[in-house]
Every structure is written in structure tokens, then in C-alpha cells.
Amino acid sequence: MKVGDLVRSVGDATITRGSMIGIIVESVFDPLASGNDVFNVVWGNGSLGKNAWDYDLVVLNESR
């Protein structure tokens, strides 16, 4: 996964149904990640999801 990828949330129950698809806008450092990648994602409803772990996201379309 990288910045620009279109993703779907599969692990965060707090995200509403209409905004489960978003775009990765930033890769962030999280000392608790222990080898996992962590991202900020802009969701379909315009909200910013901070610190979304890679295993909570599925890539729908990769950026070039």
C-alpha cells in the first residue's frame, strides 16, 4: 500500500457504511505498529481517518 491507493476499510467498526472507501493520503510513523504500515486516509464522506493500520485496509485500486 502507498499514498494514492484507493482502499476499503475492513477492520474499523466506527467508520460509517457510506464512507468505507477512501484514498491513502499519508504514510505515518506509529511506534506501536511493530512492523505494520500505518496511514492517514480521506474517507468518502470527507473525514480524515488517522493511523489506519494496513491490516484494516484492502487495496481496491493501486496508484501508479
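A residue is called buried when its relative accessible area is under 20%, exposed when that area is over 50%, and partly exposed in between. Asn-51 shows how this works: its relative accessible area is 39%, so Asn-51 is partly exposed. With that yardstick in hand, we can walk through the structure, keeping in mind that this is a predicted model.

Let's start with the overall plan. The chain has five strands and zero helices, so reading along the sequence gives the pattern β-β-β-β-β. Of its 64 residues, 31% count as buried. If we take the contacts between residues at least 6 apart in sequence, 34% of them join residues at least 24 apart.

How are the five strands arranged? They make an open sheet in the order 4-3-2-1-5, and the pairing is antiparallel. At the edges are strand 4 (48-53) and strand 5 (57-61), each of which pairs on one side only. From one strand to the next, the twist averages 45°. As a general point, strands of a sheet pair through backbone hydrogen bonds, either parallel or antiparallel.

A good place to see this pairing is where strand 3 meets strand 4. These two run antiparallel and are joined by four bridges. Together they form a hairpin with four residues between the strands, and Gly-46 in the turn has a positive phi of about 95°. Try following the partners across: Val-42 stands opposite Leu-48 in strand 4, while Phe-39 stands opposite Ala-52 in that strand.

Phe-39 and Ala-52 also lead us to the inside of the protein. Both belong to the largest nonpolar core, which has seven residues; the others are Val-7, Ile-24, Val-41, Trp-43 and Leu-57. Strand 3 (residues 38-43) gives the most to this core, with three residues. Such a grouping fits a broader tendency: in soluble globular proteins, nonpolar side chains tend to be buried together.

What does Leu-57 touch, leaving aside its neighbours within four places in sequence? Its contacts include the core members Val-7, Phe-39, Val-41, Trp-43 and Ala-52. Leu-57 is also in contact with Met-1, Arg-8, Ser-9 and Val-10.

Is a residue such as Asp-5 buried or exposed? At 1% relative accessibility, below the 20% cut-off, Asp-5 counts as buried. Asp-5 lies in the segment before strand 1 (6-9). A polar atom of its side chain is 3.0 Å from the backbone nitrogen of Lys-2. Not counting residues up to four places away in sequence, Asp-5 touches Gly-22, Ile-23 and Ile-24, and also Val-59, Asn-61, Glu-62 and Ser-63.

Next, look at the loop between strand 2 and strand 3, where you will find Asn-36. With a relative accessible area of 29%, Asn-36 is partly exposed. Its side chain reaches the backbone oxygen of Ala-33 at 3.0 Å. Beyond residues up to four places away in sequence, Asn-36 touches Trp-53, Asp-54 and Tyr-55. Trp-53 is 17 residues from Asn-36 in sequence, but the two are 6.8 Å apart in space, C-alpha to C-alpha.

Trp-53 and Tyr-55 have a link of their own. A search of the whole structure finds one aromatic pair, and these two residues form it. Their arrangement is edge-to-face, with 5.6 Å from centre to centre and 70° between the planes. The partners fall into opposite classes of accessibility: Trp-53 counts as buried at 18%, whereas Tyr-55 is exposed at 51%.

Finally, two residues deserve a look for their backbone angles. Most residues other than glycine have a negative phi. Which positive value does Ser-34 have, although it is not a glycine? The phi of Ser-34 is about 45°. Ser-34 sits in the loop between strand 2 (21-28) and strand 3, and at 68% relative accessibility it counts as exposed. The other residue is Asn-51, which brings us back to where we began: its phi is near 60°, again a positive value in a residue other than glycine. Asn-51 has its place in strand 4.

Terms used. Residues numbered from 1 in each chain as written. Predicted model: local features only at pLDDT ≥ 70, side-chain atom pairs only at ≥ 80, totals over all residues. Heavy atoms only, no water. Core = buried A, V, L, I, M, F, W, Y, C linked by side-chain atoms within 4.5 Å. Buried < 20%, exposed > 50% of the residue type's maximum accessible area, 1.4 Å probe, protein only. Contact = heavy atoms within 4.5 Å. Pairing = 2+ DSSP bridges. Axes fitted to C-alpha atoms, helices over the stretch in contact; angles between N-to-C directions. Phe/Tyr/Trp six-rings, centres within 6.5 Å; stacked < 30°, edge-to-face > 60°. Polar contact = N/O pair within 3.5 Å; in protein donor to acceptor, adjacent residues only side chain to side chain.
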